[in-house]
Amino acid sequence: MTTGHPTSPRARRNRLLRVGLALGALVAVVVAAAVVVPLLLPPGPRPSFQLPVACGETWQLGTYPGHDDYDVDLFPTEGKAWGRPVLASDAGTVTEAGINGSLGGRTPDDPDGPRGRGGGYWVKIDHGGKWETQYLHLLEPPLVRVGQRVARGEQIGRVGSTGNSGAPHLHYEQRRGWQKVETHFDGAPSGITHDDTEYTVTRTSNNCGPGVP
Ligand SMILES: [Zn+2]
């Protein structure tokens with residue numbers, strides 16, 4: 001007698017295999033969508049970034065041939081650069097806080113010590129909406145750690161000359177969708193777009209804390 005239902009152990013095994021494969025394919029599609037869809041979404045609006053230095057201070061922003069498009073080097077117009085506070089341009093989550101390349105040996109006591117490679121002590125902050133900022137050549141290990149939430153104006157480190165740096169300064173970048181873009185501060189563009197000629201401009205920080213929009 002036959003019932004029309006395959007009930008042999010082999011048929012059961014095949015049915016289980018088909019169900020397993022279908023489930024596996026479904027999981028793969030869901031995981032792929034979860035990874036790919038955020039990449040396809042357009043970036044959000046630009047956060048209201050502020051200069052990454054203390055409220056009220058005036059700094060020179062500049063670039064030079066061979067630097068890299070959009071990269072900004074900051075030097076204070078008054079006083080020494082060494083040890084000056086580096087502040088978060090806006091609220092966000094720290095995604096890098098450590099050593100990029102190698103530190104070298106340039107310190108306030110030995111400013112012409114051995115030059116390092118890359119960014120030295122550095123911090124990267126994710127501001128959401130695919131916007132990021134980067135802060136390089138810090139004097140000491142960053143004052144923040146990966147995963148930490150920071151407020152606008154929160155101190156993340158101190159100005160130094162670690163990594164590939166000629167003199168103490170802050171190298172700074174803004175990224176949208178992981179591509180560098182022209183830096184804006186307090187709603188106004190810096191004018192630093194290309195590195196084909198030397199260019200400097202001075203700006204005064206309005207990074208006066210999270211209470212200021
Ligand atoms: Zn630089």
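## From a central strand to a salt-bridge network

In β9, the bridge partner of D73 is H171, and this pairing, taken from a predicted model, offers a way into the fold. D73 lies on strand β2, which pairs with strand β9 (residues 170-176) in the antiparallel sense over three bridges. On another side of the pairing scheme, strand β1 (residues 58-63) also runs antiparallel to β2 and is joined to it by four bridges, with G62 finding its bridge partner in D73 of β2. D73 is thus a bridge partner of G62 and of H171. Strand β2 (residues 72-76) is largely enclosed by the rest of the structure, because four of its five residues are buried.

The wider chain is built from one helix and 13 strands, and along the sequence the helix is followed by the strands in the pattern α-β-β-β-β-β-β-β-β-β-β-β-β-β. Among contacts with a separation of 6 or more, 68% are between residues 24 or more positions apart. The radius of gyration is 25 Å, whereas a compact globule of 213 residues would have one near 17 Å, and the C-alpha trace spans about 100 × 40 × 35 Å along its principal axes. Buried residues account for 38% of the 213 in the chain, while the accessible surface comes to about 11,400 Å², with 57% of it belonging to carbon and sulfur atoms.

Part of that surface is a nonpolar patch formed by V27, V31, V35, V36, L39, L40 and W178, which together have about 700 Å² of accessible area. L40, one of its members, is placed in helix α1 (residues 9-40); with a relative accessible area of 67%, above the 50% cut-off, L40 counts as exposed.

Charged side chains give a further view of the fold, since those of opposite charge can pair when their charged atoms come close. Seven salt bridges are found in the whole structure. One of them joins R158 to E140, with the closest N and O atoms 2.8 Å apart; this pair links distant parts of the chain, R158 being in strand β8 (residues 155-158) and E140 in the loop between β6 (131-138) and β7 (149-150), 18 residues apart. R158 is partly exposed at 31% relative accessible area, and E140 is partly exposed at 30%.

Elsewhere, D68, D71, E173, R175 and K180 are linked in a network of salt bridges. Within it, E173 meets R175 with the closest N and O atoms 2.7 Å apart, and both of these residues are buried. E173 also forms a salt bridge with K180, at 3.8 Å from N to O. The relative accessible area of E173 is 5%, whereas K180, at 21%, counts as partly exposed.

Definitions and conventions: Residues numbered from 1 in each chain as written. Predicted model: local features only at pLDDT ≥ 70, side-chain atom pairs only at ≥ 80, totals over all residues. Heavy atoms only, no water. Buried < 20%, exposed > 50% of the residue type's maximum accessible area, 1.4 Å probe, protein only. Helix = DSSP H or I, 4+ residues; strand = E, 2+ residues; numbered from the N terminus. Pairing = 2+ DSSP bridges. Patch = residues over 30% accessible without salt bridge, like charges linked within 9 Å, V, L, I, M, F, W, Y side chains within 5 Å. Areas by Shrake-Rupley, 256 points an atom, 1.4 Å probe, with all protein chains shown as cover. Salt bridge = Lys/Arg side-chain N within 4 Å of Asp/Glu carboxyl O. Rg over C-alpha atoms; globule rule 2.2 N^0.38 Å. Contact = heavy atoms within 4.5 Å.
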